[in-house]
Amino acid sequence: MVVIAVGLLIGGGVAYLNYLNAKKRREAFAAFAARQGFSYQPENHALAGQWAGTPFQAGDHRRVRNVLTGAHQGRQVVAFDYSYQTHTTHKGRRTTTTHKFGVVVMQLPAALPRLEVTQEGLFGGAVANALGFGDLHFESEQFNRSFHVLAEDERFGHAVIHPQMMEMLLARGEIGWRTEGNSLIGWDAGPHSPGEVMNRLALLDLVTDNIPPYVWRDYAGIDPRVN
């Protein structure tokens, strides 16, 4: 009985600390949203089904919290905490693991073919197998050692990942990102801070700005320089 009581006490203490941390995080993001002119929602789980690929459509109990929406550098964006759960059973005992991510999404001026760039060792081969296409290789061996690039259209992939894009990503390509329809999605494991949200949105800005005009014309039929 004593062991059970101690266990309940510890469990209750952990639950209370988690509650306090979540409350503090909500307050921090709400204040950040007010400063930046973003809208804030404590949760919007419907966003979990809006995109495919990493980190979405895996596991169960998918949750979207601390949602920021608004305009950044003239582009519509959304950023949020994302989590899902997976389960394993060993010797009749079921273990649940919660996987957490910080996600930022920027709306593109038009839909583009699917292209995914991740750091070497981050999801890599599993993503390639899941998407059904292989890793592209480039003239820069340093870039090839640092990143996986997966594209459903190889010509598109090589057009977007040109030398200037490679140089920029080698300098600050700290998160995975993917073009998916008219969305540019960035993500990394673990919850992000408000400061990291802004840094990651800045990276997505750089990615978008470095896509050559002819790529937009050839693949989306637009010229983003024309308002």
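Student: Which residues are linked with Arg75 in a network of salt bridges?

Tutor: Keep in mind that this is a predicted model. One link in the network joins the side chains of arginine 75 and aspartate 209, at 2.6 Å from N to O. Arginine 75 sits in strand β3 and aspartate 209 in helix α6 (residues 194-209), so this pair ties together parts that are 134 residues apart in sequence. The residues linked with Arg75 in the network are Asp205 and Asp209.

Student: What about arginine 178 and glutamate 116: how many residues apart in sequence are the parts they tie together?

Tutor: Their side chains meet in a salt bridge, 2.7 Å from N to O. Both arginine 178 and glutamate 116 are buried. Arginine 178 belongs to strand β6 (residues 176-189) and glutamate 116 to strand β4, so the parts tied together are 62 residues apart.

Student: And lysine 23 with glutamate 27: about how much helix separates them?

Tutor: Here too the side chains form a salt bridge, at 2.7 Å from N to O. Lysine 23 is partly exposed at 33% relative accessible area, and glutamate 27 is partly exposed at 46%. Because the two are four residues apart in helix α1, the separation is about one helical turn.

Student: How many salt bridges does the count come to?

Tutor: The cut-off is a side-chain nitrogen of Lys or Arg within 4 Å of a carboxyl oxygen of Asp or Glu. The lysine 23 and glutamate 27 pair, at 2.7 Å, is one that fits. By this rule the count is nine.

Student: On to the rings. Are the planes of tryptophan 51 and phenylalanine 80 stacked or edge-to-face?

Tutor: Planes under 30 degrees apart count as stacked, and those over 60 as edge-to-face. The ring centres of tryptophan 51 and phenylalanine 80 are 6.1 Å apart with the planes at 15°, so the pair is stacked.

Student: Where in the chain do those two rings lie, and how many residues apart are the parts they tie together?

Tutor: Both tryptophan 51 and phenylalanine 80 are buried. Tryptophan 51 is in the loop between β1 (39-43) and β2 (60-72), while phenylalanine 80 is in strand β3 (residues 75-90), so the pair ties together parts separated in sequence by 29 residues.

Student: Which residues form one aromatic cluster with Trp51 and Phe80?

Tutor: Tyrosine 84 and phenylalanine 101 are a good place to look, being a stacked pair with centres 6.0 Å apart and 15° between the planes. That pair links strand β3 to strand β4 (residues 93-119). Tyrosine 84 is buried at 11% relative accessibility, and phenylalanine 101 is buried at 5%. The cluster partners of Trp51 and Phe80 are Phe56, Tyr82, Tyr84 and Phe101.

Student: Which element gives the most to the largest nonpolar core?

Tutor: That core has 38 residues, and Ile161, Leu169 and Trp177 have the most contacts inside it. Isoleucine 161 touches residues including Leu115, Val117 and Phe138. With six residues, the element that gives the most is β4.

Student: Which residues make the nonpolar surface patch of about 290 Å²?

Tutor: One of them is found in helix α1 (residues 2-36), namely leucine 17. Leucine 17 is exposed, with a relative accessible area of 51%. The patch is made by Leu17, Tyr19 and Leu20.

Terms used. Residues numbered from 1 in each chain as written. Predicted model: local features only at pLDDT ≥ 70, side-chain atom pairs only at ≥ 80, totals over all residues. Heavy atoms only, no water. Phe/Tyr/Trp six-rings, centres within 6.5 Å; stacked < 30°, edge-to-face > 60°. Buried < 20%, exposed > 50% of the residue type's maximum accessible area, 1.4 Å probe, protein only. Core = buried A, V, L, I, M, F, W, Y, C linked by side-chain atoms within 4.5 Å. Contact = heavy atoms within 4.5 Å. Patch = residues over 30% accessible without salt bridge, like charges linked within 9 Å, V, L, I, M, F, W, Y side chains within 5 Å. Areas by Shrake-Rupley, 256 points an atom, 1.4 Å probe, with all protein chains shown as cover. Lists of a residue's contacts leave out its neighbours within four places in sequence.
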